[in-house]
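Dear colleague,

Please find below the structure that I am handing over to you. I would be grateful if you would read the notes that follow it.

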Amino acid sequence: MEFKPLGERVLVQRLEEDTRTASGIIIPDNAKEKPLFGVVKAVSKEVKSLEEGDQVAFTKYGGTEIKLDGAEYLILKLEDILGVFTSTTKTREKK
């Protein structure tokens, strides 16, 4: 299903964070906070500063959660996006 945000909004998919600490302790799902980083999946026509594939940091309580084709996404206003990771710092994405 194709989704195109309206206004100054962006569709973002959260990046999953590691479930282990540096010392190897596994963090259970109910103890984890939702990640505040994601990948831009769709951008409205009004947003010129972002493009699909950009990795962004966003506010903790911003956005509206939706589910499309079984995957969870956030619809964020442009003002809820705190910054974009440059190519030298795009290390959060799992390979």
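The notes below cover the conventions, the cores and the pockets.

This is a predicted model, in which local features need pLDDT of at least 70 and side-chain atom pairs count only at pLDDT 80 or more, while totals for chains, interfaces and linings use all residues. Residues are numbered from 1 along each chain as its sequence is written, and side-chain values use heavy atoms, with hydrogens and water left out.

The largest nonpolar core (buried Ala, Val, Leu, Ile, Met, Phe, Trp, Tyr and Cys residues joined through side-chain atoms within 4.5 Å; buried means under 20% relative accessible area with a 1.4 Å probe, protein chains only) has 11 residues, including V10, V40, F58 and I81. Strand 1, strand 2 (37-43), strand 3 (55-58) and strand 5 each give two or more residues to this core; strands are DSSP runs of E, at least two residues, numbered from the N terminus. Another core, of 6 residues, lies apart from it and has L11, L68, A71 and Y73 among them.

The largest pocket (an open set of points on a 1 Å grid over the protein atoms alone where a 1.4 Å probe fits, with protein on both sides within 12 Å along at least five of seven lines; lining residues have an atom within 4 Å of a point) has a volume of about 190 Å³, the volume being the space filled by probe spheres set on the points. Its lining includes V12, R14, P35 and L74, and strand 1 (9-14) and strand 5 (71-77) each supply at least two of the lining residues.

The second largest pocket, of about 160 Å³, has L11, L68 and Y73 among its lining residues.

Yours sincerely

Methods: Helix = DSSP H or I, 4+ residues; strand = E, 2+ residues; numbered from the N terminus. Buried < 20%, exposed > 50% of the residue type's maximum accessible area, 1.4 Å probe, protein only.
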